[in-house]
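Let's take a walk through a protein model together. Have a look at the picture first, then read on.

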Amino acid sequence: MSSESSKKRKPKVIRSDGAPAEGKRNRSDTEQEGKYYSEEAEVDLRDPGRDYELYKYTCQELQRLMAEIQDLKSRGGKDVAIEIEERRIQSCVHFMTLKKLNRLAHIRLKKGRDQTHEAKQKVDAYHLQLQNLLYEVMHLQKEITKCLEFKSKHEEIDLVSLEEFYKEAPPDISKAEVTMGDPHQQTLARLDWELEQRKRLAEKYRECLSNKEKILKEIEVKKEYLSSLQPRLNSIMQASLPVQEYLFMPFDQAHKQYETARHLPPPLYVLFVQATAYGQACDKTLSVAIEGSVDEAKALFKPPEDSQDDESDSDAEEEQTTKRRRPTLGVQLDDKRKEMLKRHPLSVMLDLKCKDDSVLHLTFYYLMNLNIMTVKAKVTTATELITPISAGDLLSPDSVLSCLYPGDHGKKTPNPANQYQFDKVGILTLSDYVLELGHPYLWVQKLGGLHFPKEQPQQTVIADHSLSASHMETTMKLLKTRVQSRLALHKQFASLEHGIVPVTSDCQYLFPAKVVSRLVKWVTVAHEDYMELHFTKDIVDAGLAGDTNLYYMALIERGTAKLQAAVVLNPGYSSIPPVFQLCLNWKGEKTNSNDDNIRAMEGEVNVCYKELCGPWPSHQLLTNQLQRLCVLLDVYLETESHDDSVEGPKEFPQEKMCLRLFRGPSRMKPFKYNHPQGFFSHR
């Protein structure tokens, strides 16, 4: 039954091979469709919403019928089979309805897809047309741009201005009545005038070339004459060498020096020129020389050669070498540090002679990548010196020029840009390399004409001759003074270590004839040990105990009394006086914190030091201060009151003449020595 009904419902659709378009079906096709049932035609007539409601209703009815059949089967009975068969038939009808609704849904889906596909085809066709139109528009725009950007050759020619053209061009070329109103004719006329001018200039150029050839021939003739003259001049110079040596006029040597100076870097060249000028004008004993390899200096300025041959050689070496290790990161950093700290091959030597025939040898270097100058110093004497233990650092190359100007210790780079260069290669500070490279003192930079302003740093630092000239004389005098003061200290320390305080005849009047207290010990003290002394706290707190100073300890004795003197010697001695801190061990420990007279003794040597300077240049200041301490200790001990409870003679009998033994509630002692009367009084 179901098969017959399905056969009846199957539509018979007649399709032609030509697939005629919609709306063009012929009459026979229309009549054929009217005779048969077609679900495709029914889909257009049915409402999808109502079909959905029918679907829901059919599903509910099927559920109800299935439930009733289940209930009837569970009851059992004779009449149950008939009822079950009725309900089964009803269920089959509903199943047929569901099948029909399913077919209708598939037909609707197919129609929707067909419509979507047709719409997509239309959109694709429109999009293709749009792309074609856009491509045509882009092509037309490019052609328009080419036309607009077209430049004629005459636009590259720098023509004369219109005013000059109408003023200088002849009337047969300018044609003012025609060209004034027609830009095209005006441009043609200007081009004709430009051509006429260029023809004239070409003719003039040919005349100049002919004159040039004549001049070149004359130059060649004169060159031949000069080349023949050079050997004669050389022979004359060689013959005049004995005369130059006899008259102390080494022109040949000076000429070679100036030839070498051409290859110096700018800062060293400025130093060489200014030092030579200063030596000729102010100090005939100053010797200036250039050391180093001239060939290496020339190689620095040569352009790099073609490295194709080198590359081929290196390729061959790589083929021969099967295994090559890459340098480690540490090795690469070391190479970068060496390259950054590289010195120029040439250096400038200055030999500064002092009065006692001692010589200060200064070697100036230039660090090319850091753009700073450094110096190494060495002191030589006419006679060999016996170096005392305490004078070890006086003539040391590392400290002999320290703080030539206040605060210039030469351990930091003066160029602010160097710190960023150091960060790239892992250099913490330049002080680790000063022993090898030299000290970059500020005065060294100024002698080379280098100035590094901190407030407004310059991108490029240029060597300035005027800066070098303004500091040359002052610096040379300071260098001589420094060497003389260090040599004087060197000799004095040799005596002090043997317990002898040397006092020159010019300074004998500063002290009484008899001094009982004597120096028994003079030693050098490390900076850390000086900082730990309990009686030097005032100097440390005042910031006078810098690491650039020299520190010594003196021990003065008289009987059971022992006076310790901690001495701070500034590198600028004797323009900057030494500073003494005292500690007396006698009847207990006495310092400036518990004894006003000890403070007064410190004031006598630290505050009233000008009385002890002696004749200029005050090289006897230190020994005079030590002798004054011996005198002060005598006065302190001799004026001390005697304890009547102790039997026996007084340990320190009074030998110094004093107007008053004590003054004031603090019982200050008379420490001021009055010459030539020979007595002591209060200040």
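## A leucine on the outside

Does Leu 140 count as buried or exposed? Keep in mind that this is a predicted model. With a relative accessibility of 52%, Leu 140 counts as exposed, because the cut-off for that label is over 50%.

You'll find Leu 140 in helix α5, which covers residues 80-149. Leu 140 also has company: together with Ile 144 and Leu 148, it makes a nonpolar surface patch of about 340 Å².

## A helix you can check with a ruler

Now try helix α11, made of the 16 residues 266-281. How far should it span, at 1.5 Å a residue? The answer is 22 Å, and the C-alpha atoms at its ends are indeed 22 Å apart, so the two values agree.

Plenty of α11 is tucked away. Its buried residues include Pro 267, Leu 268, Val 270, Leu 271 and Phe 272. Further along, Gln 274, Ala 275, Thr 276, Tyr 278 and Gly 279 are buried too.

## Four strands side by side

Next up is an open sheet of four strands, lined up as β1-β2-β3-β4 with antiparallel pairing. At the edges sit β1 (287-292) and β4 (372-380), each of which pairs on one side only. From one strand to the next, the twist averages 25°.

What holds neighbours like these together? In general, strands of a sheet pair through backbone hydrogen bonds, in either a parallel or an antiparallel way.

Zoom in on β3 (residues 359-367) and you can follow one pairing: nine bridges join β3 to β4, and the two run antiparallel. One example is Thr 363, whose bridge partner in β4 is Lys 376.

Notes:
Residues are numbered from 1 along each chain as its sequence is written. This is a predicted model: local features need pLDDT of at least 70, side-chain atom pairs count only at pLDDT 80 or more; totals for chains, interfaces and linings use all residues. Side-chain values use heavy atoms; hydrogens and water are left out. The expected span of a helix is 1.5 Å times one less than its number of residues. Buried means under 20% relative accessible area, exposed over 50%, partly exposed in between (1.4 Å probe, protein chains only). Patches are made of residues with over 30% relative accessible area and no salt bridge: like charges are joined within 9 Å, nonpolar side chains (Val, Leu, Ile, Met, Phe, Trp, Tyr) within 5 Å. Accessible areas come from the Shrake-Rupley method with a 1.4 Å probe; for residues, only the protein chains shown count as cover. A salt bridge is a side-chain nitrogen of Lys or Arg within 4 Å of a carboxyl oxygen of Asp or Glu. Two strands pair if DSSP finds at least two bridges between them. Axes are lines fitted to C-alpha atoms, for helices over the stretch in contact, and angles run from 0 to 180 degrees between N-to-C directions.
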